[in-house]
Amino acid sequence: MSMLSPYRVLDLTTERGLLCGQMLADMGADVIKIEPPGGSPARQIGPFYKDQPHPDRSLYWWAYNRNKRSITLDIERDEGRALIRRLVERADFLLESHNPGYLPARNLGFSDLAKTNPALIYVSITPFGQDGPKANYADSDF
């Protein structure tokens with residue numbers, strides 16, 4: 001049994017937060033990467049295996065999503081949001097790195113999901129926080 005094996009993590013991060021889920025998965029957590037229809041945009045980031053660009057050949061994707069399981073959900077649709085809520089019932093952590101207000105606008109913010117699972121640890125990775133004067137500033141490639 002590894003250090004984090006009892007814990008389930010829902011990973012809704014963009015490129016900005018993939019490392020967080022990868023580190024938890026490397027320590028044994030059951031990390032479920034939730035991708036939008038068509039796959040995560042991170043799958044388009046090179047380099048690519050044998051220099052052949054393809055979503056399933058992105059070495060960037062493979063590196064930051066190792067040890068994770070992956071599912072596709074459309075959180076723009078009611079059915080997708082309902083499935084997220086069902087997954088949250090049995091999750092310990094939810095990781096997200098969308099722009100401020102994106103998930104709350106879809107009733108998937110912390111206050112919404114805490115009603116489903118009061119013990120959920122909701123981790124939001126943003127460059128300048130969820131609110132305040134710089135919340136909507138663009139982040140850098142760094």
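Met23 sits in helix H1, which covers residues 18–26. The model is predicted. Met23 is partly exposed, because its relative accessible area is 43%, between the 20% limit for buried and the 50% limit for exposed. Met23 also helps build a nonpolar patch on the surface. The patch covers about 400 Å², and its other members are Met3, Leu19 and Met27.

Next comes the sheet. Five strands, ordered S3-S2-S1-S4-S5, make an open sheet with parallel pairing. Strand S3 (68–72) and strand S5 (121–124) are the edges. Each of these edge strands pairs on one side only. From one strand to the next, the twist averages 20°.

Walk through the pairings. Strand S1 (residues 8–12) runs parallel to strand S2 (residues 30–35), and 4 bridges join them. One point on this seam is Asp11, whose bridge partner in S2 is Lys33. S1 also pairs with S4, again in the parallel sense, over 4 bridges. Here Leu12 has Glu96 in S4 as its bridge partner. S4 is in turn joined to S5 by 4 bridges, and these two strands run parallel. Glu96 appears again at this seam, where Glu96 stands opposite Ser124 in S5. Follow Leu12 to Glu96 and then Glu96 to Ser124 to step across from S1 to S4 and on to S5.

A helix lies across these strands. Helix H3 (residues 78–89) lies across S1, S2, S3 and strand S4 (93–96). Its direction is about 150° to S1.

Now look at Leu108. Leu108 belongs to the loop between S4 and helix H4 (110–116). Leu108 counts as buried, because its relative accessibility is 1% and the cut-off is under 20%. Which residues does Leu108 touch, leaving out those up to four places away in sequence? They are Ile75, Arg81, Ile84, Arg85, Leu103, Leu113 and Tyr122. Take Ile75: Leu108 and Ile75 are 33 residues apart in sequence, yet their C-alpha atoms are 8.9 Å apart in space.

Thr126 lies in the segment after S5. Thr126 is buried as well, because its relative accessible area is 18%. Beyond its neighbours within four places in sequence, Thr126 is in contact with Arg16 and His98.

Charged pairs complete the tour. The whole structure holds 10 salt bridges. In one of them, the side chains of Arg8 and Asp30 meet at 3.0 Å, N to O. Arg8 lies in strand S1 and Asp30 in strand S2, so this pair ties together parts that are 22 residues apart in sequence. Arg8 is partly exposed, because its relative accessibility is 21%.

Another salt bridge links Glu35 and Arg43, with the closest N and O atoms 2.8 Å apart. Are these partners buried or exposed? Glu35 is buried at 3% relative accessibility. Arg43 is buried too, with a relative accessible area of 14%.

Arg43 has a further partner. The side chains of Arg43 and Asp56 form a salt bridge at 3.1 Å, N to O. Both residues lie in the loop between S2 and helix H2 (59–64), 13 residues apart. Asp56 is partly exposed, with a relative accessible area of 45%. Elsewhere, salt bridges that share partners join Arg8, Asp30 and Arg69 into one network.

How values were computed
Residues numbered from 1 in each chain as written. Predicted model: local features only at pLDDT ≥ 70, side-chain atom pairs only at ≥ 80, totals over all residues. Heavy atoms only, no water. Patch = residues over 30% accessible without salt bridge, like charges linked within 9 Å, V, L, I, M, F, W, Y side chains within 5 Å. Areas by Shrake-Rupley, 256 points an atom, 1.4 Å probe, with all protein chains shown as cover. Salt bridge = Lys/Arg side-chain N within 4 Å of Asp/Glu carboxyl O. Buried < 20%, exposed > 50% of the residue type's maximum accessible area, 1.4 Å probe, protein only. Pairing = 2+ DSSP bridges. Axes fitted to C-alpha atoms, helices over the stretch in contact; angles between N-to-C directions. Contact = heavy atoms within 4.5 Å.
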